[in-house]
Amino acid sequence: FQAIFHPDAVNRESDNQPPAARQGGPSAFYATALWLREALTDMHWELNEVVAEGDLIVVHTTGHARQVGPFVFYDSAGQVEQVFPPTGRTTSDTQTHWFRIADGKVIEHWANRDDMGMARHLDWIPPSPRYLLRMAQAKRRARRTRRILLAANAAG
């Protein structure tokens, strides 16, 4: 990550990610990768188009993955907001990623993704009554785990 991301790199897509992913630099992008890999496996992207102009690179991709773990989303305070329990289903959705380059490294990233398509592919929507119950249970577990980790970090 240090070879690719500038020390001052910013991910404009980290609002609903864990607090560690909201910081700047390579470690934040690494935290995003870990967050995604907790929920998804078999991730890969087809490069549909790549355009470079000036300090911008735009990549239009089709992303593929299978959900094997809970997908946890966070609120602005870094608290667990929503959890989508694993469905084992696969998704294939289009994404466009924008990268600004400085000193040969990514210094800024933002994206447009088909999150609604992903949610449909993974059977998050429309949610069945059983899945809504699983969501509530997963959210409670994620919040409990987060509290335990924060307490352990505070203790040293």
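# Exercises on a predicted model

Pro126 is found in the loop between helix 2 and helix 3. The exercises below concern a predicted model, and each one is followed by its worked solution.

## Exercise 1: the loop between helix 2 and helix 3

Determine what kind of peptide bond joins Ile125 and Pro126, and describe the phi and the accessibility of Asp123.

Solution. Begin with the peptide bond: Ile125 and Pro126 are joined by a cis bond, with omega at about -15°. Next, turn to Asp123, whose place is likewise given as the loop between helix 2 and helix 3. The phi of Asp123 is near 65°, a positive value in a residue other than glycine. As a background to both steps, most residues other than glycine have a negative phi, and most peptide bonds are trans. Finally, Asp123 has a relative accessibility of 37%, so it counts as partly exposed, given that the partly exposed range runs between the cut-offs of 20% and 50%.

## Exercise 2: another positive phi

Decide whether Asp103 is buried or exposed, and state in which loop Asp103 lies.

Solution. First locate the residue: Asp103 belongs to the loop between strand 6 and strand 7. Its phi is near 55°, which is positive although the residue is not glycine. Then compare the accessibility with the cut-off: the relative accessible area of Asp103 is 71%, and this residue is therefore exposed, since exposed means over 50%.

## Exercise 3: aromatic pairs

Work out how the rings of Phe71 and Phe73 are arranged, and then how those of Trp98 and Trp110 are arranged.

Solution. The rule used here is that ring centres must lie within 6.5 Å, and that planes under 30 degrees apart count as stacked. By this rule, the model has 11 aromatic pairs. One of these is formed by Phe71 and Phe73, whose centres are 4.8 Å apart with 10° between the planes, and this pair is stacked. Both Phe71 and Phe73 are buried. For the rings of Trp98 and Trp110, the distance between centres is 6.0 Å and the planes stand at 10°, so this pair is stacked as well. Because Trp98 lies in strand 6 (residues 90-102) and Trp110 in strand 7 (residues 105-113), the pair ties together parts that are 12 residues apart in sequence. As to accessibility, Trp98 is partly exposed at 28%, and Trp110 is partly exposed at 22%. To finish, note that Phe71 and Phe73 also belong to one aromatic cluster, which they form together with Trp35, Phe84 and Trp124.

## Exercise 4: the surroundings of Ala111

Find out which residues Ala111 touches, not counting residues up to four places away in sequence.

Solution. Start from the position of Ala111, which is in strand 7. With a relative accessibility of 11%, Ala111 counts as buried. Beyond the residues up to four places away in sequence, Ala111 touches Glu13, Thr96 and His97. For Thr96, which is 15 residues away along the chain, the C-alpha atom is separated from that of Ala111 by 5.5 Å.

## Exercise 5: helix 3

Establish how far helix 3 reaches from its first C-alpha to its last, and what its buried residues pack against.

Solution. Helix 3 covers residues 129-155, which is 27 residues, and it reaches 40 Å, close to the 39 Å expected at 1.5 Å a residue. The buried residues of this helix are Tyr131, Met135, Ala138 and Ala142. A general point helps in reading that list: an α-helix has 3.6 residues a turn, so residues three or four places apart point the same way. The buried residues of helix 3 pack against strand 4 (71-74) and strand 5 (80-84). After the helix comes Gly156, with a positive phi near 120°.

## Exercise 6: two pockets

Describe the volume and the lining of the largest pocket, and then those of the second largest pocket.

Solution. The largest pocket holds about 1100 Å³ of space. Its lining consists of 43 residues, and those nearest its centre are Thr32, Leu36, Trp45, Gln95 and His97. These lining residues divide into 26 nonpolar, 12 polar and five charged. The second largest pocket has a volume of about 390 Å³. Among the 15 residues that line it, Pro18, Trp35, Glu38, Tyr74 and Leu149 are the closest to its centre. Two or more residues of this lining come from each of helix 1, strand 4 and helix 3, and helix 3 gives the largest share, five residues. By type, the lining of the second largest pocket has 11 nonpolar residues, one polar and three charged.

Technical notes
Residues are numbered from 1 along each chain as its sequence is written. This is a predicted model: local features need pLDDT of at least 70, side-chain atom pairs count only at pLDDT 80 or more; totals for chains, interfaces and linings use all residues. Side-chain values use heavy atoms; hydrogens and water are left out. Rings of Phe, Tyr and Trp (its six-membered ring) pair if their centres lie within 6.5 Å; planes under 30 degrees apart count as stacked, over 60 as edge-to-face and the rest as tilted. Buried means under 20% relative accessible area, exposed over 50%, partly exposed in between (1.4 Å probe, protein chains only). Helices (H or I, at least four residues) and strands (E, at least two) are DSSP runs, numbered from the N terminus. Contact means heavy atoms within 4.5 Å. The expected span of a helix is 1.5 Å times one less than its number of residues. On a 1 Å grid over the protein atoms alone, a cavity is a set of points where a 1.4 Å probe fits but cannot get out, and a pocket is an open set with protein on both sides within 12 Å along at least five of seven lines; lining residues have an atom within 4 Å of a point. Grid points are joined across faces, edges and corners, and a volume is the space filled by probe spheres set on the points. Ala, Val, Leu, Ile, Met, Phe, Trp, Tyr, Cys and Pro count as nonpolar, Asp, Glu, Lys and Arg as charged, and the others, Gly among them, as polar.
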